[in-house]
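Trainee: Got a minute? I'd like to go through this structure with you.
Mentor: Sure, bring it up and ask away.

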Amino acid sequence: MRILHILNHTQRQNGHVHAAVDLACAQAALGHDVCIASGGGDFDPLLHSKGVSTVRVDHKRSIPSLAKAVFSLRRHIREFGAEVVHAHMMTSAVLAFPICKIAGIPLITTVHNEFEKSATLMGLGTRVIAVSDAVGAAMQRRGVSASKLNVVLNGTIGSSRLEGRMEEPAALLSPSILFVGGLHPRKGLPDLFHAFDIVHESFPAARLYVVGDGPFRKSYEETVSSLACAAAVTFVGSARDPYPYMLAADIFVLPSHADPAPLVLSEAREAGCAIIGTEVDGIPQLLEDGKAGILVPPRDPSSLANAISDLLRVPEQIATWKVKSQLRIENLTIDRVARETMQVYLAAAAPRRAKMAAAEQK
């Protein structure tokens, strides 16, 4: 099948870009002809090395730029001979919709960030992929018909993007607690800071490592500086490859307030971490509803502190939860994601293919 993906750019800092790049490479590995139309970025060399072609489509949100993007995208779709177009963000879906409608090409949209109001526009797709059951339910509440919704849970294991990564654990002081992600309010980091402050009273040797960057880093550093545990918290900053930190961590914590289906949990489980996550959005599904990781209420530092303390108090439990993280780990492979996505494509393309076959027989 000839598949054209559309996304704003191919820079490293966005989770939806990671998911789209993983999928495109996996589809090419399955023998499909795959192209990505975007503003370009860090991952283009990787895409080319995996047989995925790229073309430039500017996604800048100005009327002149968007008008030019529509004509450019229309040309690329026609020249590539796309049988299916897959949009990964709102702007991409809006650009592709009229082109696909006129050309009769199925438009697939993936809802990566359901918490954004503009996610409703992803309902423009012929078929809409939700990255977790929670996102699927949320999109139905927004008015997207269940008949056009498909859930394809995120997964990263076996991703081309992660090939050649460091397998040597980072040098962390133990007992170590790790967070990896963007420093944004929806990730719930202040809850983790206050929880760790409670934990540190009873376990002064414990250390918290924060891997990632974002617009709230300075604010978070100021928050931590006012806490008694300040000397035990390390802001590592952005890491091109956070996997060594996961390999070294005693406990991985994701205290999110909103998280549709965080890729980082797939990576943390592959690294064999003992995991604590909040019971929001796609996190329970990625943690097998609490069987592969401990679930705590969101926005509740006391409950989070209790969960961390329980593990530190009985170190054998950390080892137990590391083993539990491997439960049904095979469900988090990118190969599974690619194959389930292809089933969505085939269902969406079936009417057009049947019409074309009938025309050829006349």
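Mentor: Start in the loop between α12 and α13 (334-361), where R328 sits. Keep in mind that this is a predicted model.

Trainee: What is the phi of R328?
Mentor: Positive, about 50°, although R328 is not a glycine.

Trainee: Why point that out?
Mentor: Most residues other than glycine have a negative phi.

Trainee: Is R328 buried, exposed or partly exposed?
Mentor: Partly exposed, because its relative accessibility is 41%. The cut-offs here are under 20% for buried and over 50% for exposed.

Trainee: Which other residue that isn't glycine has a positive phi?
Mentor: Look at D289, with phi near 55°. D289 belongs to the loop between α10 (283-286) and β13. It counts as exposed, since its relative accessible area is 59%.

Trainee: And where does a glycine take a positive phi?
Mentor: Just after α5. There G143 has a positive phi of about 105°.

Trainee: Let's stay with α5, then. Which of its residues are buried?
Mentor: Helix α5 covers residues 133-141, and V135, G136, A138 and M139 are its buried ones. Looking down the helix axis, those buried residues fall within an arc of 165°, so they line one face of α5.

Trainee: Remind me how spacing works in a helix.
Mentor: An α-helix has 3.6 residues a turn, so residues three or four places apart point the same way.

Trainee: What do the buried residues of α5 pack against?
Mentor: Strands β5 (107-111), β6 (127-130) and β7 (149-151).

Trainee: New helix. How many residues does α11 have?
Mentor: Helix α11 has 13 residues, 301-313. From first C-alpha to last, α11 reaches 18 Å. That is close to the 18 Å expected at 1.5 Å a residue.

Trainee: Which residues of α11 are buried?
Mentor: L304, A305, A307, I308, S309, L311 and L312.

Trainee: What covers them?
Mentor: The cover for the buried residues of α11 includes the helices α6 (189-202) and α12 (315-324). It also includes β8 (176-180), β11 (251-254), β12 (274-278) and β13 (294-296).

Trainee: You mentioned β8. Show me a residue in it.
Mentor: Take V180, which lies in strand β8. V180 counts as buried because its relative accessibility is 9%.

Trainee: What is V180 in contact with?
Mentor: Leaving aside neighbours within four places in sequence, V180 contacts V211, P242, M246, F252, L254 and V264.

Trainee: How far is V180 from A137?
Mentor: In sequence, V180 and A137 are 43 residues apart. In space, they are 27 Å apart, C-alpha to C-alpha.

Trainee: What about the loop leading into β8?
Mentor: P175 is in that loop, between β7 and β8. The peptide bond from S174 to P175 is cis, with omega near 0°.

Trainee: How does that compare with other peptide bonds in general?
Mentor: Most peptide bonds are trans.

Trainee: Switching to pockets. What is the volume of the largest pocket?
Mentor: About 1,400 Å³. The largest pocket is lined by 44 residues, and R12, Q13, N14, G15 and H18 are the closest to its centre.

Trainee: Which elements give two or more residues to that lining?
Mentor: α1 (15-29) and α9 (263-270). The largest share, 4 residues, comes from α1.

Trainee: How does the lining of the largest pocket divide by class?
Mentor: Into 17 nonpolar, 15 polar and 12 charged residues.

Trainee: And the volume of the second largest pocket?
Mentor: About 170 Å³. Its lining residues include V70, F71, R74, I99 and I105. Helices α3 (63-80) and α4 (90-103) each give two or more residues to the lining of the second largest pocket. α3 gives the most, with 5 residues.

Trainee: What classes line the second largest pocket?
Mentor: Its lining has 8 nonpolar, no polar and 2 charged residues.

Trainee: Last one. Back in α1, is D22 buried or exposed?
Mentor: D22, in helix α1, is buried, with a relative accessible area of 2%.

Trainee: What does D22 contact?
Mentor: T156, S159, R161 and I334, leaving aside neighbours of D22 within four places in sequence.

How values were computed: Residues are numbered from 1 along each chain as its sequence is written. This is a predicted model: local features need pLDDT of at least 70, side-chain atom pairs count only at pLDDT 80 or more; totals for chains, interfaces and linings use all residues. Side-chain values use heavy atoms; hydrogens and water are left out. Buried means under 20% relative accessible area, exposed over 50%, partly exposed in between (1.4 Å probe, protein chains only). The arc is that of the directions from the helix axis to the C-beta atoms. Contact means heavy atoms within 4.5 Å. The expected span of a helix is 1.5 Å times one less than its number of residues. On a 1 Å grid over the protein atoms alone, a cavity is a set of points where a 1.4 Å probe fits but cannot get out, and a pocket is an open set with protein on both sides within 12 Å along at least five of seven lines; lining residues have an atom within 4 Å of a point. Grid points are joined across faces, edges and corners, and a volume is the space filled by probe spheres set on the points. Ala, Val, Leu, Ile, Met, Phe, Trp, Tyr, Cys and Pro count as nonpolar, Asp, Glu, Lys and Arg as charged, and the others, Gly among them, as polar.
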